[in-house]
Amino acid sequence: MGYVLRKSLKSLDWFDLAETLDPASRALTRSDERLRRTPNLEDAVRRRSHLFDTCASIALNGDLVHLEDLVLHDAGTDRRAHTHELTRAARRSCHVV
């Protein structure tokens, strides 16, 4: 089943949507400022976002890598045997800049 984007966009009430998005964008801006003031936390969040992106790109190729496995592999505390997908994801996450 596909989505009909034009039909969905016409049914949106933009004023209701803006009321929800405005506080969310303000909260996101505040969190960005907090992260800038804490370099260690900023680096950790950046690394975690790279791992999310890696899992997503692997999933687009039709493979599945659990984020938890990738985090544990990155920390060097693997609990499961390495799979081909995990090895590819670990290589890919190291090259993300």
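**Note on a predicted helical model**

1. In this predicted model, the count of cavities of 30 Å³ or more comes to one. The volume of the largest cavity is about 40 Å³, and its lining is formed by Asp 69, Leu 72, Asp 78, Arg 79, Arg 80, Ala 81 and Leu 86. Sorted by class, that lining holds four charged residues and three nonpolar ones, with no polar residue among them.

2. Turning to the chain as a whole, the secondary structure consists of five helices and zero strands, which gives the pattern α-α-α-α-α when the protein chain is read along its sequence. Of the 97 residues in the protein chain, 14% are buried. If one takes the contacts between residues at least 6 apart in sequence, 31% of them join residues that are at least 24 apart.

3. How should a student describe the way in which two helices pack? Two packed helices are described by the angle between their axes together with the distance between those axes. Here, helix α2, covering residues 14-37, and helix α3, covering residues 39-60, have axes that come within 5 Å and cross at roughly 120 degrees. An angle of 65 to 115 degrees would count as roughly perpendicular and one over 145 as roughly antiparallel, and α2 and α3 are therefore oblique to each other. On the α2 side the contact is made by Leu 35, Arg 36 and Arg 37, while α3 contributes Pro 39, Leu 41, Glu 42 and Val 45. The residues of this contact of α2 with α3 divide into four nonpolar and three charged, with no polar ones.

4. Ser 49 is a residue worth locating, and it is found in helix α3. Is Ser 49 buried, exposed or partly exposed? Because buried means under 20% relative accessible area and exposed means over 50%, Ser 49, at 31% relative accessibility, counts as partly exposed. Although Ser 49 and Ser 93 are 44 residues apart along the chain, their C-alpha atoms are separated by 9.9 Å.

5. Thr 83, by contrast with a residue placed in a helix, has its place in the loop between α4 (67-75) and α5 (84-94). With a relative accessibility of 40%, Thr 83 counts as partly exposed, since this value lies between the cut-offs of 20% and 50%. In sequence Thr 83 and Val 65 are 18 residues apart, and in space the separation from C-alpha to C-alpha is 9.0 Å.

Methods: Residues are numbered from 1 along each chain as its sequence is written. This is a predicted model: local features need pLDDT of at least 70, side-chain atom pairs count only at pLDDT 80 or more; totals for chains, interfaces and linings use all residues. Side-chain values use heavy atoms; hydrogens and water are left out. Axes are lines fitted to C-alpha atoms, for helices over the stretch in contact, and angles run from 0 to 180 degrees between N-to-C directions. Helices (H or I, at least four residues) and strands (E, at least two) are DSSP runs, numbered from the N terminus. Angles under 35 degrees count as roughly parallel, over 145 as roughly antiparallel, 65 to 115 as roughly perpendicular and the rest as oblique. Contact means heavy atoms within 4.5 Å. Ala, Val, Leu, Ile, Met, Phe, Trp, Tyr, Cys and Pro count as nonpolar, Asp, Glu, Lys and Arg as charged, and the others, Gly among them, as polar. On a 1 Å grid over the protein atoms alone, a cavity is a set of points where a 1.4 Å probe fits but cannot get out, and a pocket is an open set with protein on both sides within 12 Å along at least five of seven lines; lining residues have an atom within 4 Å of a point. Grid points are joined across faces, edges and corners, and a volume is the space filled by probe spheres set on the points. Buried means under 20% relative accessible area, exposed over 50%, partly exposed in between (1.4 Å probe, protein chains only).
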